[in-house]
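Here are some short exercises for getting to know a new structure. Have a go at each task before you read the solution below it.

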Amino acid sequence: RGEILLSRQEIIKSGVAMVCVSGSKVRSLREKQELTQLYLATAVEVTTETISRWERAESPTLKKENGLKLAEALGVSLDDISFAKECVIEEKEIPDPASVPVAKNGLWLVTLLLPLVLLFVYYSKSGNVTADFSVQRLLPTHSVAGYPFPVVIKVDPGSLQNSSLLLKEQLPTGCRVLQTIPEATTVSGNLLKWVDKNGSGERFFAYLAICEPGTDNNQQFSGVLLSRQSSRQEFPVNGQNRIRLESFHWADANRDNVIDDEELLGVYDDYGQVEGLQVDVEEIESIWMGSGYRWLEDTKAFEIIP
């Protein structure tokens with residue numbers, strides 16, 4: 001096994017850009033913001049074990065793409081979590097498969113599967129597996145920069161009826177919140193938090209947001225829902241998590257400058273069920289009744305074509 005000593009933060013390993021990140025800084029920032037490892041795992045699109053491994057290591061090396069996502073989820077720059085000292089990259093030799101002994105009588109399969117089975121049994125008994133629970137984000141795939149769009153998070157508690165919930169939602173940098181339904185318990189920068197103490201049955205959390213010109217289309221929305229009955233449980237918010245800034249109305253799903261019957265019904269079904277959410281349904285219906293629309297950049301408004 002060889003070691004390569006690098007005196008700069010970014011390195012190239014096997015053609016992939018890598019960065020050195022301080023696990024202690026990541027853990028400190030996460031705990032300071034009261035974020036969970038599951039929340040970071042959802043934002044970076046890795047497992048919670050990967051987040052835990054990054055935090056435990058003094059100077060973990062990870063793909064630059066993941067490092068940027070991690071910094072974004074923590075609301076800091078990549079430099080803020082980068083390791084200030086030299087970092088060491090270990091190059092491990094990959095053994096020749098022909099040289100690895102194969103266990104007899106299928107023992108290798110038992111050795112591989114047994115930890116997974118035991119892990120499943122443990123989580124099942126501890127109440128951390130809830131197959132009938134779902135939390136889904138409804139988010140338009142696109143919107144015009146500077147124009148409001150709705151976001152709805154639908155929670156189906158399944159067997160977790162009458163359970164208190166804590167929902168956290170992180171918006172991309174460059175996007176801000178205009179309205180929350182119900183009113184969010186906390187709005188801190190791009191982070192929203194709702195606490196539902198006495199809710200039951202299907203629940204909806206919604207907000208109206210706007211993304212300023214220049215917002216990076218590759219950023220994503222990320223969220224996590226926490227519930228506690230007999231034990232603490234965490235669920236990532238699934239569904240659409242990215243929005244592109246283009247010159248099409250967010251209700252125009254296929255981006256053909258027309259809002260057709262199906263798209264109008266989609267607005268009613270997806271966003272009209274949240275009472276009080278300030279979706280401009282009248283404008284959408286006016287576009288639907290016309291033959292089309294166009295976005296006027298100079299006036300920052302939609303022109304309806306009769």
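**Exercise 1. Get an overview**

Task: Find out how many helices and strands the protein chain has, and what share of its residues is buried.

Solution: Keep in mind that this is a predicted model. Start with the secondary structure: the chain has eight helices and 19 strands. Next, look at burial. Of the 306 residues, 39% are buried. Finally, check how far apart in sequence the contacting residues are. Taking the contacts with a separation of 6 or more, 70% are between residues 24 or more positions apart.

**Exercise 2. Helix 2 and its two partners**

Task: Work out how helix 2 is oriented to helix 3, and how it is oriented to helix 4.

Solution: Two packed helices are described by the angle and the distance between their axes. Let's take helix 3 (residues 48–56) to begin with. Its axis and that of helix 2 come within 8 Å, crossing at roughly 105 degrees. Angles of 65 to 115 degrees count as roughly perpendicular, so helix 2 and helix 3 are roughly perpendicular to each other. On the helix 2 side, Gln-37, Leu-38, Leu-40, Ala-41 and Val-44 make the contact; on the helix 3 side, Thr-48, Ile-51, Ser-52, Trp-54 and Glu-55 do. Sorted by class, this contact of helix 2 with helix 3 has six nonpolar, three polar and one charged residues.

Now for helix 4 (residues 64–74). Its axis comes within 9 Å of the axis of helix 2 (residues 37–44), and the two cross at roughly 130 degrees. Helix 2 and helix 4 are therefore oblique to each other, and the crossing is right-handed. Tyr-39, Leu-40, Ala-43 and Val-44 of helix 2 meet Asn-66, Lys-69, Leu-70, Ala-73 and Leu-74 of helix 4. By class, the contact of helix 2 with helix 4 has seven nonpolar, one polar and one charged residues.

**Exercise 3. A glutamate in helix 3**

Task: Decide whether Glu-55 is buried or exposed, and list what Glu-55 touches.

Solution: Find Glu-55 in helix 3. Its relative accessibility is 4%. Buried means under 20%, so Glu-55 counts as buried. Leaving out residues up to four places away in sequence, Glu-55 touches Gly-23, Ser-24, Val-26, Arg-27, Arg-30, Gln-37 and Leu-40. Other buried residues of helix 3 include Ile-51 and Trp-54. The buried residues of helix 3 pack against helix 1 (23–32), helix 2, strand 4 (61–63) and helix 4.

**Exercise 4. A five-stranded sheet**

Task: Which strands stand at the edges of the open sheet of five strands?

Solution: Strands of a sheet pair through backbone hydrogen bonds, either parallel or antiparallel. Read off the order, which is 10-13-8-6-16, with mixed pairing. Strand 10 (175–181) and strand 16 (238–239) are at the edges, each with a single partner strand, so one side of each is left without a neighbour in the sheet. Now zoom in on one pair: strand 10 and strand 13 (residues 203–211) run antiparallel and are joined by six bridges. Cys-175 has Cys-211 as its bridge partner in strand 13.

**Exercise 5. A hairpin and some unusual backbone angles**

Task: Where do you find Lys-300, and what is its phi?

Solution: Most residues other than glycine have a negative phi, and most peptide bonds are trans. Begin with the strands: strand 18 (residues 292–296) and strand 19 (residues 301–305) pair in the antiparallel sense over five bridges. Arg-294 stands opposite Glu-303 in strand 19. The two strands form a hairpin with four residues between them, and Lys-300 is in the turn, with a positive phi of about 55 degrees. Lys-300 is partly exposed, with a relative accessible area of 48%.

Then look for a similar case. Glu-34 is not a glycine, yet has a positive phi of about 60 degrees. Glu-34 sits in the loop between helix 1 and helix 2 and, at 53% relative accessibility, counts as exposed.

Last, check the peptide bonds: the one from Ile-181 to Pro-182 is cis, with omega near -15 degrees. Pro-182 lies in the loop between strand 10 and strand 11 (186–188).

Terms used: Residues numbered from 1 in each chain as written. Predicted model: local features only at pLDDT ≥ 70, side-chain atom pairs only at ≥ 80, totals over all residues. Heavy atoms only, no water. Axes fitted to C-alpha atoms, helices over the stretch in contact; angles between N-to-C directions. Parallel < 35°, antiparallel > 145°, perpendicular 65-115°, else oblique. Left-handed = near helix turned anticlockwise from the far one by under 90°. Contact = heavy atoms within 4.5 Å. Nonpolar A, V, L, I, M, F, W, Y, C, P; charged D, E, K, R; others polar. Pairing = 2+ DSSP bridges. Buried < 20%, exposed > 50% of the residue type's maximum accessible area, 1.4 Å probe, protein only.
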